[in-house]
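Hi,

Here is the structure I said I would pass on. Have a look at it first, and my notes follow underneath.

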Amino acid sequence: MNSLPAGFASHSLTYLHKLAPEQRQLRYCLFVLLCVFMGGCRQTNSGKAYRIGFSQRTEADTWRKTMRAGMNRELSFYPDVDFIVKDAGGQSERQARQIQELIDQKVDLLIVSPNAARPITPIVEKAYQQGIPVVILDRRTDSDQYTAYVGADNVDVGRTAGVYANQLLQGTGNVVEIGESPGSSADIDRHRGFMEAIGVHPGIRLITKLEGDWDKRSFADRLTSLLTAKPTIQLIFAQNDRTALKAYKVCRGLGLEKQVKIIGVDGLPGQNEGIDLVDRGILSATVLYPTGGKEAIRTAMAILKKQPFKRENKLPITLIDSANVRIMKFQNEKVVEQQVDIEKQQRRINDLNQIYSNQKNTLYFTLASLLIVMLLGGWALYLYRSKQIAYQTLERQNQEILDQKNQIEIVSAQARLATEEKLRFYSYISHEFNTPLSLILTPTEELLQKKTVNPSELKNNLLLIQKNAYRLLRLVDQMLDLRKTDAGKQRLHTAEQDLIAFIRDIVQDFLPKAKKRRIDLQFIPAQQTLPVWFDSEKLDKVIVNLLSNAFKYTPGGGLIHVRLSVIDEQVQIQVTDNGEGMTPDEQAHAFDLFFSGSRPFNLSKGLGLALSMEFIQLHQGDINVQSEKDKGTTFTILLPLGNKHLSPSEMNGSPTRQQSLIDLDDDDIDATDSKPAKQLGTLLVIEDNDDLRAFLSTRLSNEFEIIAEASAEKGWERILDVIPDLIVSDVMLPGMTGLQLTQRVKADLRTSHIPVILLTAQGQMEQRIEGTRVGADAYITKPFNTQYLLETIRTTLTNREKWQRRYASDFLSQSGGGNRQDKKFLNELTALIEQNLGDPAFGVEKLSRDMGLSRVQLYRKVQALLNMNVMDYLTDVRLKRAKHLLRETTKPMAEIADETGFNSAAYFTTFFKQHTQKTPSDYRKSSVKA
Ligand code: FRU
């Protein structure tokens with residue numbers, strides 16, 4: 001992190017805070033990775049701990065190249081050094097400038113090898129004064145403001161050369177000196193030392209000192225002219241081996257190479273270098289002048305590393321002449337060999353270092369990548385986990401919503417079902433109330449209308465009214481019980497009393513009824529007495545209800561047995577009959593309060609049984625039913641003995657029996673009327689309520705012949721049997737409904753002409769619409785007025801007569817009302833007759849067979865539609881045909897008689913006259929005239 005610019009880091013962090021948490025995490029990861037990466041980059045690119053600036057006077061000559069090589073070798077041990085080299089090209093001003101540049105570059109240490117002393121001194125002092133350690137190498141400045149000096153003693157160099165010159169000249173001779181770059185300490189000191197040495201021999205004379213800047217032609221030219229002018233010159237001291245070689249070349253050019261001895265300085269190994277030149281006899285000797293490159297670097301590093309170092313490092317010098325040149329050469333060769341080995345190893349080390357560095361970088365990169373991968377992996381894992389958690393939460397919420405939705409759907413379906421059932425229940429309740437109300441209102445109205453009433457008629461009507469008023473009372477009572485149960489307000493009020501006596505009492509109430517219907521009613525207890533805690537009012541209702549049902553569904557001569565026994569601390573009461581029984585479906589829903597599926601609700605049964613179940617369950621008992629269709633039914637009640645199951649508030653009843661209302665017997669009412677019947681036609685009454693059926697039969701029998709049935713199924717059989725003139729049917733019927741029956745009647749060719757009047761509960765608009773759709777001719781709403789019913793029947797029949805007349809007058813008319821089935825019937829009938837007109841044997845028998853009807857059905861149908869019998873209709877068709885032939889053709893009588901199915905012309909004439917009051921020939925004449 002500290003490798004990044006502070007601004008970058010703070011800006012980045014501020015920016016991170018503005019992001020959303022998830023984005024922030026991602027950006028943070030990338031930020032960290034960037035830091036790691038940048039940190040890594042810094043280490044590989046600039047990991048140098050020190051920066052050393054080296055100002056070299058020139059790099060052009062071998063001596064200084066050797067110096068650099070020595071420096072580089074030493075530097076290879078310090079890879080953490082950044083070594084900056086500036087080459088002044090032998091120019092002092094340039095060198096001063098370059099030193100300033102190095103100062104500006106903030107080098108940690110300066111190595112200066114001055115070109116000349118004076119021009120370089122100020123800038124070196126400046127650096128030194130600024131606190132930069134300065135190592136002076138080889139040549140000196142004019143100042144002692146430096147940290148260390150490395151180099152040989154040039155005075156000593158000059159002196160050594162001078163001493164050797166003395167030896168060579170043996171006290172006398174002329175000498176020429178060729179100097180270094182002027183103004184350099186090397187030049188000055190070497191000259192001083194040389195002069196000092198040769199000064200001991202007065203015979204030895206320095207002729208001149210030439211400037212040694214070997215680049216300039218002046219030195220060679222001047223030496224040539226000097227040697228030419230003074231052939232006595234015996235020795236040349238060149239301050240370096242380069243100028244020494246040049247001087248030799250000048251001498252050789254003049255043929256003086258044997259005469260003039262030459263001493264050089266530097267003593268470098270290599271071809272045409274000092275040692276080689278001495279070895280080849282070109283130079284007499286050379287003073288080995290070490291470059292100090294290695295020592296300079298060592299000193300600099302000691303300074304930088306704050307290690308002890310020497311301020312003045314004087315390098316040793318050696319004279320090389322023919323005496324030691326071989327050893328020197330050999331040593332040098334060895335040194336060179338070693339140097340090559342060292343360099344090889346150095347290169348190898350460098351290579352290894354490079355490999356190491358590469359591997360290190362690779363390792364860093366791999367580690368960084370690994371870290372990135374780990375961070376990204378961790379981050380991905382984190383994202384995956386949070387996604388997964390979010391997904392799970394979402395899934396859970398979805399499931400909850402789905403569950404709630406399902407729950408709502410179930411509840412709403414239940415509510416819808418409950419509403420539908422309740423609506424149906426109420427519609428049946430109203431229906432159930434309507435029947436007794438009709439049977440109260442109708443006789444009341446009749447009595448009121450009559451001026452005189454005979455006593456038996458009065459009694460019958462009053463009994464009917466009383467019976468139905470009781471029935472209403474019982475219904476209301478049950479409804480109240482039901483409401484209480486529904487509201488959860490039904491409470492138990494028990495007392496301990498003898499259950500056997502209690503039930504025997506109830507059974508006895510039913511004995512008269514049983515006797516009248518020759519039903520074997522028995523109470524069969526397993527013991528004489530049995531004290532039981534029960535609510536007498538509720539149990540009374542239950543037992544009375546079960547017995548009433550048993551009576552309702554048991555035919556005359558059947559049996560109803562009530563059994564009582566004790567089983568496992570429970571008392572078991574069974575009411576068994578051998579009556580109609582129930583289908584499995586009816587049995588399954590016997591205790592349902594409302595409708596179940598499409599099964600019609602039977603209030604008297606359903607309400608009572610539902611309440612019975614409630615009452616028994618209040619007693620913590622159970623009630624169930626076993627039944628088989630057409631075999632009989634057994635209701636079983638189980639009640640717990642004792643009173644442990646009862647709370648104190650439930651044990652406050654009275655041990656008396658409050659008698660329930662039992663249906664009055666139908667037999668009490670004389671339903672037949674003594675009035676003689678005035679038969680206006682046959683009426684079929686279909687009504688499941690026995691009282692209403694009986695009542696209607698009685699009232700309508702004054703004018704009609706009445707057939708009565710309790711179900712639509714039986715009604716249909718009778719319809720086909722007798723083809724009644726009109727049907728009066730209740731809509732709500734067990735099994736096939738009044739609507740279904742109407743549809744069947746209107747769809748059947750045999751019965752389609754029969755008018756149907758439907759009896760329905762108040763406000764059943766859907767039923768009226770449905771009834772109209774299926775072809776009902778009229779509606780009477782319960783409770784109805786008998787007079788109104790009679791009027792409706794009469795009107796319907798009068799309308800029917802109008803139809804008949806219309807059909808009869810124009811039997812093929814397609815216009816006008818009438819139902820489609822009837823028109824179709826008449827068309828078929830007429831077509832059949834016309835096809836067989838020529839057949840005298842064609843009569844009702846064949847006609848009914850061809851029409852697919854029985855004789856009675858055909859007779860009744862034709863009578864109903866055309867108000868004439870079939871034979872009359874046949875005759876009618878024949879006559880019409882005959883008239884047509886008489887009018888439109890000239891066919892002889894015999895032929896017309898034959899075509900219209902008469903055996904002889906004579907019979908045809910008689911028949912024709914009988915029906916038209918004209919003979920056929922008169923008819924033909926009159927029609928021609930007309
Ligand atoms: C090279 C050189 C050497 C000499 C040294 C003295 O530039 O002239 O030959 O020995 O410098 O500083």
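Let's start with the aromatics: ring pairs link Phe902, Tyr907, Phe908, Phe911, Phe912 and Tyr923 into a cluster. Keep in mind as you look around that this is a predicted model.

One of the pairs in that region is Phe902 with Tyr907, an edge-to-face pair with 5.6 Å between the ring centres and 65° between the planes. The two partners sit in different surroundings: Phe902 is buried, at a relative accessible area of 3%, while Tyr907 is partly exposed, at 46%. Phe902 also has a charge over its ring, since the charged end of Arg878 sits there, 5.5 Å from the centre. You'll find a similar arrangement at Tyr149, where the charged end of Arg140 sits over the ring at 3.7 Å from its centre.

How many aromatic pairs are there? The count comes to 12. Another one to look up is Trp63 with Tyr289, which is stacked, with 5.5 Å centre to centre and 25° between the planes. Trp63 belongs to helix H3 (residues 62-75) and Tyr289 to the loop between strand E10 (285-288) and helix H11 (293-304), so this pair ties together parts that are 226 residues apart in sequence. Both Trp63 and Tyr289 are buried.

Next, helix H12, which covers residues 325-449 and includes Gln331. Is Gln331 buried or exposed? Neither, quite: its relative accessibility is 42%, so it counts as partly exposed. Its C-alpha atom is 9.7 Å from that of Pro269, and the two residues are 62 apart along the chain.

Further along, Met374 is also in helix H12. With a relative accessible area of 55%, Met374 is exposed. It is part of a nonpolar patch on the surface, together with Leu363, Tyr364, Leu367 and Leu370, and the patch has about 500 Å² of accessible area in total.

That brings me to the annotation. The unreviewed UniProt entry marks residues 25-41 and 363-384 as "transmembrane region". In the model, residues 363-384 are 100% helix and 0% strand, and the C-alpha atoms at the two ends of the span lie 30 Å apart.

If you only have a few minutes, I'd open the ring cluster with Phe902 and Tyr907, then go to the Trp63 and Tyr289 pair, and finish at the nonpolar patch that includes Met374.

Cheers

Key
Residues numbered from 1 in each chain as written. Predicted model: local features only at pLDDT ≥ 70, side-chain atom pairs only at ≥ 80, totals over all residues. Heavy atoms only, no water. UniProt positions renumbered as here; feature names shortened; annotations may be inferred. Helix = DSSP H or I, 4+ residues; strand = E, 2+ residues; numbered from the N terminus. Phe/Tyr/Trp six-rings, centres within 6.5 Å; stacked < 30°, edge-to-face > 60°. Buried < 20%, exposed > 50% of the residue type's maximum accessible area, 1.4 Å probe, protein only. Lys NZ or Arg CZ within 6 Å of the ring centre and 35° of its normal. Patch = residues over 30% accessible without salt bridge, like charges linked within 9 Å, V, L, I, M, F, W, Y side chains within 5 Å. Areas by Shrake-Rupley, 256 points an atom, 1.4 Å probe, with all protein chains shown as cover. Salt bridge = Lys/Arg side-chain N within 4 Å of Asp/Glu carboxyl O.
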